[in-house]
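Good morning, and thank you for making time on the agenda. I would like to take you through one model, beginning with its interior and ending with its loops.

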Amino acid sequence: MGFEVKKNKPREPKLPVSQLTKVQLRAIFMESDINKDGVLSKKELKQAFGRLGALIPAFRAARGLHHADANHDGVVDKDELDDLIKYAYRLGYKVA
């Protein structure tokens with residue numbers, strides 16, 4: 001009945017992780033406007049939330065659309081973008 005002693009590998013120091021700013025979130029959402037029509041569709045929101053690291057991007061896209069789409073046209077336009085950014089900011093996405 002011998003026991004094997006495992007040596008712990010030295011851990012690499014973790015880099016500091018900080019929350020994305022609203023400016024950074026705006027840039028990520030604007031970059032996700034694939035067809036450059038000035039509005040974010042649910043598909044584009046799903047891609048953006050995927051880039052942000054959401055576990056279920058489709059769910060976050062639907063919730064983001066719910067929070068931001070004031071005129072209920074199914075997309076987030078420039079007038080509604082601030083509400084989407086506020087929603088995403090509250091979720092606390094981090095710089096990886």
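The largest nonpolar core of this predicted model has 20 residues, and those with the most contacts inside it are F29, L45, F49, L52 and L84. Two or more residues come to this core from each of α1, α2, α3 and α4. The element that gives the most is α4, with five residues. As a general point, nonpolar side chains in soluble globular proteins tend to be buried together.

Let me place that core within the chain. The secondary structure amounts to four helices and zero strands, so that, read along the sequence, the pattern is α-α-α-α. Of the 96 residues in the chain, 30% are buried. Among contacts with a separation of 6 or more, 51% are between residues 24 or more positions apart.

I turn now to individual members of the core. F29 is in helix α1. Is F29 buried or exposed? Its relative accessibility is 0%, and F29 therefore counts as buried, the cut-off being under 20%. Leaving aside residues up to four places away in sequence, F29 touches L40, L45, A48, F49, L52, L81, L84, I85 and A88. With V39, F29 has a separation of ten residues in sequence and of 9.8 Å in space, taken from C-alpha to C-alpha.

L45 is another residue with many partners to name. With residues up to four places away again not counted, L45 touches F29, L40, A61, L65, V76 and L84.

This brings us to helix α2. Which residues of α2 are buried? They are E44, L45, A48, F49 and L52. These residues cover an arc of only 135° around the axis, and for that reason they lie on the same side of α2. The cover over the buried residues of α2 includes α1, α3 and α4. After the helix comes G53, whose phi is positive, near 100°.

Next, the charged pairs. How many salt bridges are there? The count comes to two. One of them joins R26 to D82, with the closest N and O atoms 2.3 Å apart. This pair links distant parts of the chain, since R26 belongs to helix α1 and D82 to helix α4, 56 residues apart. Both ends are partly exposed: R26 has a relative accessible area of 34%, and D82 has one of 40%.

The other salt bridge is formed by E31 and R51, whose closest N and O atoms are 2.9 Å apart. E31 lies in helix α1 and R51 in helix α2, so this pair ties together parts that are 20 residues apart in sequence. R51 is partly exposed, with a relative accessible area of 46%.

A charged residue without such a partner deserves a separate word. D33 is found in the loop between α1 and α2. D33 is buried yet has no salt bridge. Why does K36, the nearest side chain of opposite charge, not form a salt bridge with D33? K36 is 5.9 Å away, whereas a salt bridge requires a side-chain nitrogen within 4 Å of a carboxyl oxygen, so the pair does not qualify. What D33 does have is a polar atom of its side chain 3.4 Å from the backbone nitrogen of D37. Apart from residues up to four places away in sequence, D33 touches G38, V39, L40 and E44.

K36 itself is of interest for its backbone. The residue sits in the loop between α1 (22–31) and α2 (42–52), and its phi is near 55°, a positive value in a residue other than glycine. Most residues other than glycine have a negative phi. K36 has 60% relative accessibility and therefore counts as exposed.

A further case is H72, in the loop between α3 (57–68) and α4 (81–91). H72 is not a glycine, although its phi is positive, at about 55°. With a relative accessibility of 67%, H72 counts as exposed.

To draw the parts together: the core takes two or more residues from each of α1, α2, α3 and α4, and the salt bridges join α1 to α4 through R26 and D82 and α1 to α2 through E31 and R51. In the loop between α1 and α2, D33 is buried without a salt bridge, while K36 is exposed. I am happy to take questions.

Terms used
Residues numbered from 1 in each chain as written. Predicted model: local features only at pLDDT ≥ 70, side-chain atom pairs only at ≥ 80, totals over all residues. Heavy atoms only, no water. Buried < 20%, exposed > 50% of the residue type's maximum accessible area, 1.4 Å probe, protein only. Lys, Arg positive; Asp, Glu negative; His and termini not counted. Polar contact = N/O pair within 3.5 Å; in protein donor to acceptor, adjacent residues only side chain to side chain. Contact = heavy atoms within 4.5 Å. Core = buried A, V, L, I, M, F, W, Y, C linked by side-chain atoms within 4.5 Å. Arc of directions from axis to C-beta.
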